[in-house]
Amino acid sequence: MRRHLPSAHGHAGLPDQRLLQAAFDSAGAGIYLTDLAGLITMANLQAGALLRRPVAEMLGADAHDLLHRGADDGLTPRSTCRLMGVLEHGRPARGDESTFLRGDGSLLPVSLSAAPIVQEGGQVLGVIVVFTDITERLNLSRQQAGHLAILEDFNARLTLLTEITSVLTQTLEVDEALQRLGRLIVPRLADWAMVDLRVEHDEVERVVVIPPADQAAGSPLPEPPGSLLARVLDRGETVLLGPGDIARKPDSGMAAAQRELFAARGAVSAIITPLRTQRQVLGALTVARTDPARPFDATDVTLVTDIGRRAGLAVGNARLFGRQREVAEMMQRHLLAPLPQVGHLEMAARYLPASVGSQVGGDWYDAFLLPDGVTALVIGDVVGHDIRAAAEMAQLRSMVRTLAWDRCVSPSLVVNRVDQAMSAVTDVPMATMILARVEGSGDGPWRLRWSNAGHPPPLLVTPDGHARYLEQRQDLLLGLRLGIESTRRDAVEPMPAGSTLVLYTDGLVESPGSDLDTGLARLRAQAAAMAHLPLEGLCDEIVRRIPHGTTDDVALLALRLPACGTGA
């Protein structure tokens, strides 16, 4: 039968037991011992202090029932209790995820080590438990986790801003830019988003809702001065909305449409921020969340305001580009002269600005009758893609016409004179060009005489669908100024009756992700397959098949000879 100390500290009796108790009391950790039944037989002063219990009250108590608790303050089942397992299996146990119940009812997180007390014969007599308070360590760990979460959140927001800036600068199409913006915001920042843009007559049009909804499109609605959206648009303020603001009765048609969308999507928190440039507010971005446990806060307001500013600048730049592109395209088309009416020849032309970027202005075509009755064809490309390039193209086009008309000489001599005069009387830095004479009349024979100054070669297509490039005499482009005497010479090629000549600029055969040889092969195959089409139809099909995303404008000039017996 085990004897217990009458004192509060444990067993009485031999001096070595008092020495053991003194050693326990001097330890820097809490220590208690149990017998084989799990009853506490000894505990040191540090254990009492940590557990806020008198040591005398702990003696004889069931350690599991008295101390062992889960993090939720529930009693740990004996079957899963780590300390009970030491008694049962005789194996030591360690852990940093244990919780003891204190005498005042609070919970103490502890790091513990438990080992069986074994006599010489191997019989387990009880267990010794050593534990320390890890409250400070856990608090520090939580602080570090909180700081890490803040850093991760900051990094995520910075990454989002970087990606938004990137996608907004990748296109100058307003609708496409805003769609990309919405797809980045949802679901990383919000559960859904929408964009309203100002249109004419103080109206607002909803242009984007992500994910899509019926309210994304519709007729523009006037926005009264006192409405919430007007506050954002007119004052340039960012507004944070809570459940009460969202449920408020709408005061305008646009606000009603907005509230309807809020209700349909279950929004409980929203931010409306202006899309603004330095001079004006162009629209508003609305982002919303549907989880009541995750409302927007002041940090989100700052982020969304920054996103709105970047989106506003992108929309402003896109609109400015659109206006500049319209002006440049109109200027370009007005500078391209109409094709002459030549009874025995059929001609067609096309001009297309690039589908991506501000690529308009440098390419041109021309056709005119020379004093000797021969038809001249010109295709060219001035370096540059803007309004300035369009103006330089006009200068070069006029010079070519003048010099070709002045003397009815071979194309190579005209091109030489153009090259010599270009730097003196124009602002054109460099250009490529083909000047050709279509020589013949009536039923033929016909031949093409031309000079190529660094331009893609002409394409000749016969009525039976055979197509080949005319690559003779490829000379230097205009404006190189190499300081050497020019050796330009004419190239001459007979053209069968009914054949088609296709002149084009490099935008037709060059596209991102593809090389020039592939583009040339594609054009040759298309022209050969469509040789039977009327000339206008052939041109339509060629430009319709231009790869999407080309970064250059395109000029196309086609001529078809009369078939045998149809000459004028």
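**Salt bridges, burial and a sheet, term by term**

Reader: What makes the pair R437 and E439 a salt bridge?

Author: Their side chains meet with N and O 3.0 Å apart. A salt bridge is a side-chain nitrogen of Lys or Arg within 4 Å of a carboxyl oxygen of Asp or Glu, so R437 and E439 qualify. Both residues are buried (under 20% relative accessible area; exposed is over 50%, partly exposed in between, with a 1.4 Å probe and protein chains only). They also belong to a network of salt bridges with D372, R447 and R449.

Reader: Happy with that! What should I know about the model itself?

Author: This is a predicted model, in which local features need pLDDT of at least 70 and side-chain atom pairs count only at pLDDT 80 or more, while totals for chains, interfaces and linings use all residues. Residues are numbered from 1 along each chain as its sequence is written, and side-chain values use heavy atoms, with hydrogens and water left out.

Reader: How do you know that D300 and R289 form a salt bridge?

Author: Their closest N and O atoms are 3.6 Å apart, which is within the 4 Å limit, so the pair counts. D300 sits in helix α11 (residues 298-335) and R289 in strand β12 (residues 281-289), eleven residues apart. Helices are DSSP runs of H or I with at least four residues, strands are E runs of at least two, and both are numbered from the N terminus.

Reader: Why is D300 called buried?

Author: Its relative accessible area is 2%, and R289 has 6%. Both values are under 20%, so both residues are buried.

Reader: Why is R544 called exposed?

Author: R544 has 56% relative accessibility, over the 50% cut-off, so the word fits. R544 also forms a salt bridge with E541, at 2.8 Å from N to O. These two lie in helix α15 (residues 535-544), three residues apart, about one turn of the helix.

Reader: And what makes T277 buried or exposed?

Author: The value for T277 is 18%, under 20%, so T277 is buried. Leaving aside neighbours within four places in sequence, T277 is in contact (heavy atoms within 4.5 Å) with L282, G312, L313 and G316.

Reader: How do you know that β18 and β22 pair?

Author: Two strands pair if DSSP finds at least two bridges between them. Strands β18 (residues 459-461) and β22 (residues 500-504) are joined by three, so they pair, and they run antiparallel. One bridge partnership is L459 with V502 in β22.
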